[in-house]
Amino acid sequence: MIKKIIPGLLFIICIPLQAPAQRPLVDYVSTLQGTNSSWDLSYGNVYPTIALPFPVHSWSPQTGKNGDGWKYTYKATTIRGFQQVHQCSPWMGDYGVFSLMPVAGKLEVNEEARATAFRHENETAKPSYYKVKFDNNVVTEITPTERAAHMRFSFPKGREAYLVLDGYTKFSFVKIIPGERKLIGYVTNGTFIPGNFKNHFVIEFDQPFVNYGTWSDEGRHIQEKALLDSGQKGGAFVQFRPGTRVQVRVSSSYISQEQAALNLKQELGGYAGFDDTKRAADKVWNELLGRVRVEGDSEADKATFYSCVFRANLFSHKFYDIKEDGSPYYFSPYDDKVHDGYMYTDNGFWDTFRAQFPLTNILHPTMQGRYMQSLLDAQEQYGFFPTWSNPGMSGVMIGNHAISLLTDAWVKGIRNFDPGKALDAYYHEATNKGPWGGSSGREGSAYWFSLGYIPYKEVSESGAKSLEYAYDDWCAYQLAKLTGNKFYENVFARQMYNYKNVFDTTVGFVRGRDKNGNWVPKDFDPVEWGDPFTEGNPWQWSWSVFHDINGLIQLMGGADRFNAKLDSLFTAPNTVKYGSYGHEIHEMKEMVLQGLGQYAHGNEPVQHAAYLYNYSGQPWKSQKQLREIMRKIYNATPSGFPGDEDQGETSSWYVLSALGLYAVCPGTDQYVIGSPVFSKATIILENGKQFTIQAKNNSEQNVYIQSAKLNNKTYHKNWIRYADITNGGILELEMGATPNKERGVSKADRPYSVSLGN
């Protein structure tokens with residue numbers, strides 16, 4: 001009996017010693033996060049992107065009609081295509097788009113007629129793999145590379161099987177080569193594209209065609225021929241045997257047809273089949289997601305976190321190809337020419353200078369260096385910095401925030417660009433009106449240098465522009481000071497305090513001001529949205545003094561009044577007056593639904609506000625407020641974002657804040673401390689070092705920092721330096737359910753303000 005029992009006992013004892021299988025991090029990601037959106041209410045305004053990090057091309061199922069910025073909406077019940085996409089915002093539209101759609105039974109090429117029903121329970125949406133089984137039993141699968149994609153379409157037996165190529169909204173050229181099972185061509189669609197822009201594509205199939213042809217004029221004319229002329233709008237179709245399972249390899253290039261073919265060879269030529277490509281894509285994402293390893297009890301929080309890490313690593317898009325010798329080159333959207341080097345696009349800096357670039361500076365410093373040089377190249381080619389590229393200049397949104405990106409990179413040791421050229425280019429930006437009114441140059445620059453603000457009614461959105469320009473000029477001052485450029489240091493030192501000129505101390509808010517110095521409008525109401533403020537009201541915009549919170553505290557009457565005002569931001573009635581908009585815009589509706597007073601996290605100007613108690617002696621209020629914001633308005637569901645996701649900005653805010661850090665003032669090397677969501681988070685850096693944030697006793701109730709140690713030394717400051725992260729180490733936080741009102745309250749503990757000289 002004893003001999004028989006012992007093996008069983010040994011088996012029982014050994015079970016706990018076996019390590020549980022670790023869940024692949026990519027499995028936490030839902031690319032459906034934020035897709036339950038529409039033009040009047042945004043929970044992200046994103047599509048279920050199928051892509052590698054920072055790709056040239058992405059893919060997405062298409063539920064909306066061609067040209068609709070809302071490519072995929074969660075409430076839709078049919079899909080009409082699978083698009084190659086580049087869109088960074090539904091408000092900007094897309095470019096270089098074409099789609100493939102499987103059709104079973106009767107051939108339908110028109111996008112409405114070919115739309116096919118599906119259900120979400122038959123849909124898998126991950127970064128590296130998308131699958132949907134339609135109600136008609138056709139199955140589509142997609143897995144990506146940077147410049148190509150591998151698709152697999154499975155058709156049911158007993159019905160005709162077609163794949164339809166749609167060239168989207170403008171003219172296309174398509175050539176069918178049946179002997180090679182191949183389609184080649186290009187599309188030209190897009191709003192902000194240069195005159196010679198083409199997206200060249202090559203599509204290869206592993207099954208022979210039964211039939212093929214082209215179509216034009218919205219599907220009304222179908223011709224069984226192998227060529228669609230470049231002056232037509234339409235596409236092509238190929239037919240397979242019923243029951244066929246066909247693999248499709250597709251790639252494209254903005255440079256040439258030959259480069260598109262090379263991209264296909266370079267990126268898919270080494271894979272035996274679809275499953276190999278998927279395994280490689282999974283590996284890329286698991287490695288990237290694994291560079292920010294979080295530990296805690298909540299699987300829901302991990303899903304939110306890694307879904308946001310995914311979104312934070314999509315934009316900016318690479319806009320370059322790789323030659324056969326391995327060197328990069330690109331077709332420039334700024335001068336219509338081909339250049340050697342790196343180029344990036346699809347980003348609006350008004351959104352992303354705040355969090356997306358500061359996060360990327362931690363995770364991808366090599367790429368950031370290439371990006372900074374590409375900014376200077378773009379400026380040289382066009383004459384002004386891009387502000388929102390899509391892929392070329394668009395003039396959308398306000399400010400001159402390329403200088404924020406450049407200064408922030410320089411401060412953090414990313415220095416592969418010429419700071420003198422950057423300052424010369426910015427001075428040109430700040431003293432000239434560009435071809436667009438809102439950005440690319442500075443509308444009203446003469447007023448800026450003479451009056452010290454942008455006057456109301458003379459220039460639109462004058463109050464917001466005054467605040468943004470003051471910060472941007474501080475960035476130029478900072479870069480000049482750090483690089484010993486006395487001329488520009490003196491020039492911009494005179495402008496960086498101009499934010500004071502639009503702050504009315506009699507009402508305690510920023511306001512519009514006319515060219516005669518009068519505050520306008522006279523019937524001031526801080527809940528009124530619009531001109532002189534961009535997509536917000538004075539409640540939200542009054543905190544936009546990133547570089548001098550100390551100066552703002554003084555304008556508001558000192559720390560006590562500042563803290564009381566900041567308290568009120570989160571508790572005031574969430575009343576909205578439409579102001580110059582004249583109607584409800586989606587940002588207003590989102591603020592009301594969030595129920596956080598006048599705090600409108602769905603738009604960028606106020607996203608840093610919860611961190612500002614760190615500057616005013618009450619850091620515990622930041623800790624409480626930040627945890628409430630993260631808990632209340634972020635999740636991994638289709639309604640998972642508090643507004644537009646904006647090229648990784650809103651997701652980057654969450655990633656940084658969930659780690660317990662945030663760059664309130666890009667252009668300094670400081671990350672302000674908040675309240676981490678997880679008990680432990682480890683960042684694995686490009687240089688191989690690791691930085692760990694350990695929050696002992698952390699929970700939903702224990703949101704307050706009781707004490708802190710940095711590399712085993714007691715730490716009182718409310719911020720850490722970029723070098724503290726990149727050099728590796730441990731930030732240890734002891735968390736509790738009640739605030740420690742003695743820690744981080746001295747002036748020496750407060751983050752940077754230019755007026756303090758720290």
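## Exercises on pockets and cavities

A search of the whole structure, which is a predicted model, turns up twelve cavities of 30 Å³ or more. The exercises below go through the open pockets and then return to the enclosed spaces.

**Exercise 1.** Describe the largest pocket: what is its volume, and which residues lie nearest its centre?

*Solution.*
- Step 1: Start with the space itself. The volume of the largest pocket is about 540 Å³.
- Step 2: Turn to the lining. It consists of 25 residues, and those nearest the centre are Asp 301, Arg 627, Val 677, Ser 699 and Glu 700.
- Step 3: Sort the lining of the largest pocket by class. You will find nine nonpolar, eight polar and eight charged residues.

**Exercise 2.** Work out which helix gives the largest share of the lining of the largest pocket.

*Solution.*
- Step 1: List the elements that each supply at least two lining residues. Both α5 (299–312) and α18 (619–633) do so.
- Step 2: Pick out the largest share. It belongs to α18, with five residues.
- Step 3: Look back at the residues nearest the centre of this pocket. Among them, Asp 301 falls within the range of α5 and Arg 627 within that of α18.

**Exercise 3.** Now characterise the second largest pocket: how many residues line it, and how do they divide by class?

*Solution.*
- Step 1: Take the volume, which for the second largest pocket is about 350 Å³.
- Step 2: Count the lining. There are 22 residues, with Trp 91, Glu 535, His 586, Glu 587 and Asp 644 closest to the centre.
- Step 3: Find the helices involved. α6 (349–352) and α17 (586–594) each contribute at least two residues to this lining, and the largest share, three residues, is that of α17.
- Step 4: Divide the lining of the second largest pocket by class. Eight residues are nonpolar, five polar and nine charged.

**Exercise 4.** Set out the volumes and linings of the largest cavity and the second largest cavity.

*Solution.*
- Step 1: Begin with the largest cavity, at about 140 Å³. Its lining has 15 residues, and Asn 45, Val 46, Cys 88, Phe 315 and Gln 647 are the closest to its centre.
- Step 2: Classify that lining. The largest cavity has five nonpolar, six polar and four charged residues around it.
- Step 3: Move on to the second largest cavity, with a volume of about 120 Å³. Here 14 residues form the lining, and Pro 521, Phe 524, Asp 525, Glu 528 and Pro 532 lie nearest the centre.
- Step 4: Classify again. The lining of the second largest cavity holds seven nonpolar, two polar and five charged residues.

Definitions and conventions: Residues are numbered from 1 along each chain as its sequence is written. This is a predicted model: local features need pLDDT of at least 70, side-chain atom pairs count only at pLDDT 80 or more; totals for chains, interfaces and linings use all residues. Side-chain values use heavy atoms; hydrogens and water are left out. On a 1 Å grid over the protein atoms alone, a cavity is a set of points where a 1.4 Å probe fits but cannot get out, and a pocket is an open set with protein on both sides within 12 Å along at least five of seven lines; lining residues have an atom within 4 Å of a point. Grid points are joined across faces, edges and corners, and a volume is the space filled by probe spheres set on the points. Helices (H or I, at least four residues) and strands (E, at least two) are DSSP runs, numbered from the N terminus. Ala, Val, Leu, Ile, Met, Phe, Trp, Tyr, Cys and Pro count as nonpolar, Asp, Glu, Lys and Arg as charged, and the others, Gly among them, as polar.
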